[in-house]
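Colleague: I'm new to reading protein models, and I'd like some help. Could you walk me through a few features, one at a time?

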Amino acid sequence: MFVEYATTGAFTNATRVPGPALLETSDFTGRTVLTDLPAGQRVFYRVVFQDLNDLRVWSEPVVGSFTTPSLAPREVKIAWSADTVGQGWGINPEWGGLRLYETMRQVQPDVFINVGDTIYADQPVLPEVTLDDGTVWKNVVTPAKSKVAETVDEFRGCYQYNLGDAHMRRFISEVAQVVMWDDHEVRDNWYWERRQDNDPRFQVKSVALLAARARRAFFEYNPLPLVGDDPERIYRSISLGPLAEVFALDMRSYKGANSPNRQGALEPSSSILGAAQLAWLKNGLTNSRATWKIVAADLPLGLVVKDGPADYEAVANGDPGSPLGREIEIADLLRHLKDRRVKNVVWITADVHYCAAHHYDPSRAKFTEFDPFWEFVAGPLNAGTFGPNVLDPTFGPDVKFIGIPPGLKGNRPPSEGFQFFGTLTADPRQKSLTARLHNLAAQVLFTVELPSD
């Protein structure tokens, strides 16, 4: 693998960087790290491959581009969404494929944050699904998407399936990505201790083994950097210049088992971030020099997400009182930010398959040791639409907007248009941040301009 890059599409004075040999052991995937790139530039790249069996043979080039952060204040536009090919809604060429990728491309963001459920490894697709009006949704079907993923190759096949869509390929060739994971990269509502002895779909009964295989494919098929000395660390921060810094979380790898979520103290069973990630997040937000600190969370803070009749999947536990269970870590973080006077922190999330805007304020909360903040929800990207979820009052959330009509029947297909993404635009003159929620047709459904403190 060889990468050439330049600041013009003509590749004048291009720099060539040799990359790794791509072998069967990595499913012929690989990554090359480009360093010392010019700031505030659109960088064009092309990738070519040399045949190791015959060194005279070269592939056709694969081209793309991305924008590097500026050292000076400059408008920054961040897009985010999640939930790709879920609930049986796969790539339907007759409908137009993964159309939201093209909608987002036309908005021209500087960076796209995929907040998780990048694949649905536990949800195969059928060739046809009959819709409520009697018409038929027709999926592309591959062997890997015809059963639940259990082997590394089957997890790889889920990523290959999504990349079969032309809209997705074009989008990621033009927009830099920050990729996170949630549960469906492995299976619904997973945690390490979980077993699936009573699920006949799976021959692999240990979710820990399933997650290890899934993690391998996730790292192979996504542009994740090596952070520190941990080759499997997903949480990280990305500076987008003086106006914005993104803190991408991993609320899956370190969480305790799903439970009633009512523990009265911080302990491994009540973890959602884990001690190391929580300390990293506190330190990073405190020391960030960016005007806006964007926390990208793969699970929402206040929305109640249940796992069965008595257990909880996300942070909130439905109890209206003081923080319990996983809420304790979040309370600890919010208290720290208030004590250290860390301003301009905004949360973005997904997971619940509809879009919404929530404002949290201590005047409405049971826990009051924090400064007011916003949480914006987007998605799905190409999956079933659900909701809305109930909000837990512990941190004083108020619903400012919901993007679906009342009484919406669950698992609505993408063809009904309830597919959503969000954007955050930082203004270099006002130092403000404008949040917008968009639908499949690129309409702006909700907008709010946040002044900086």
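Modeller: Sure! Let's start with a word we'll need a lot: a residue is called buried when its relative accessible area is under 20%, exposed when that value is over 50%, and partly exposed in between. Keep in mind that this is a predicted model.

Colleague: Okay, let me try one. Is Tyr159 buried or exposed?

Modeller: Tyr159 has a relative accessible area of 5%, so it is buried. Tyr221 comes out at 19% relative accessibility, which means it counts as buried too.

Colleague: Those two have rings. How do I read a pair of rings?

Modeller: A pair of aromatic rings is described by the distance of the centres and the angle of the planes. In this model, 24 aromatic pairs are counted. Take Tyr159 and Tyr221: their ring centres are 5.8 Å apart and their planes are at 10°, so this pair is stacked.

Colleague: Which parts of the chain does that pair tie together?

Modeller: Tyr159 belongs to helix α2 (residues 152-163), while Tyr221 is in the loop between α4 (207-220) and β10 (236-239), so the pair links parts that are 62 residues apart in sequence.

Colleague: What does an edge-to-face pair look like here?

Modeller: Look at Trp181 and Trp190, with 5.6 Å centre to centre and 70° between the planes. Trp181 is buried at 0% relative accessibility, and Trp190 is buried with a relative accessible area of 0%. Rings can also gather in a cluster: Trp347, Tyr360, Phe367, Phe370, Phe373 and Phe395 form one.

Colleague: Can a ring have a charge over it, and where would I look? Which ring does the charged end of Arg16 sit over?

Modeller: That's the ring of Phe2, with the charged end 4.7 Å from the ring centre. Try Arg46 as well: its charged end sits over the ring of Phe11, 4.1 Å from the centre.

Colleague: Now charges with charges. What's the general idea?

Modeller: Side chains of opposite charge can pair when their charged atoms come close. The count in this model is 29 salt bridges. In one of them, Glu174 and Arg105 meet at 3.3 Å, N to O. Glu174 is in helix α3 (residues 166-174) and Arg105 in helix α1 (residues 99-107), so this salt bridge ties together parts 69 residues apart in sequence. Arg105 is buried at 15% relative accessibility, whereas Glu174 is partly exposed at 27%.

Colleague: Which residue of helix α3 lies four residues from Glu174?

Modeller: Arg170, and four residues is about one turn of the helix. Arg170 forms a salt bridge with Glu174, with the closest N and O atoms 3.7 Å apart. There's a similar story in helix α6 (residues 327-339), where Asp332 and Arg335 are three residues apart, again about one helical turn. Their salt bridge has its closest N and O atoms 3.9 Å apart. Asp332 is partly exposed at 21% relative accessibility, and so is Arg335 at 28%. Salt bridges can share partners too, joining Glu102, Arg105, Arg170 and Glu174 into one network.

Colleague: Last one: sheets. In what order do the seven strands of the open sheet come?

Modeller: Read across, the order is β10-β11-β12-β15-β17-β16-β18, with mixed pairing. At the edges, β10 and β18 (397-402) each pair on one side only. Strand β16 (residues 356-360) runs antiparallel to β18, and five bridges join them. Within that pairing, Ala356 has Ile402 of β18 as its bridge partner. Finally, helix α5 (residues 275-287) lies across β10, β11 (244-248) and β12 (292-296), running at about 175° to β11.

Note on methods: Residues are numbered from 1 along each chain as its sequence is written. This is a predicted model: local features need pLDDT of at least 70, side-chain atom pairs count only at pLDDT 80 or more; totals for chains, interfaces and linings use all residues. Side-chain values use heavy atoms; hydrogens and water are left out. Rings of Phe, Tyr and Trp (its six-membered ring) pair if their centres lie within 6.5 Å; planes under 30 degrees apart count as stacked, over 60 as edge-to-face and the rest as tilted. Helices (H or I, at least four residues) and strands (E, at least two) are DSSP runs, numbered from the N terminus. Buried means under 20% relative accessible area, exposed over 50%, partly exposed in between (1.4 Å probe, protein chains only). A charge sits over a ring if NZ of Lys or CZ of Arg is within 6 Å of the ring centre and within 35 degrees of the ring normal. Two strands pair if DSSP finds at least two bridges between them. Contact means heavy atoms within 4.5 Å. Axes are lines fitted to C-alpha atoms, for helices over the stretch in contact, and angles run from 0 to 180 degrees between N-to-C directions. A salt bridge is a side-chain nitrogen of Lys or Arg within 4 Å of a carboxyl oxygen of Asp or Glu.
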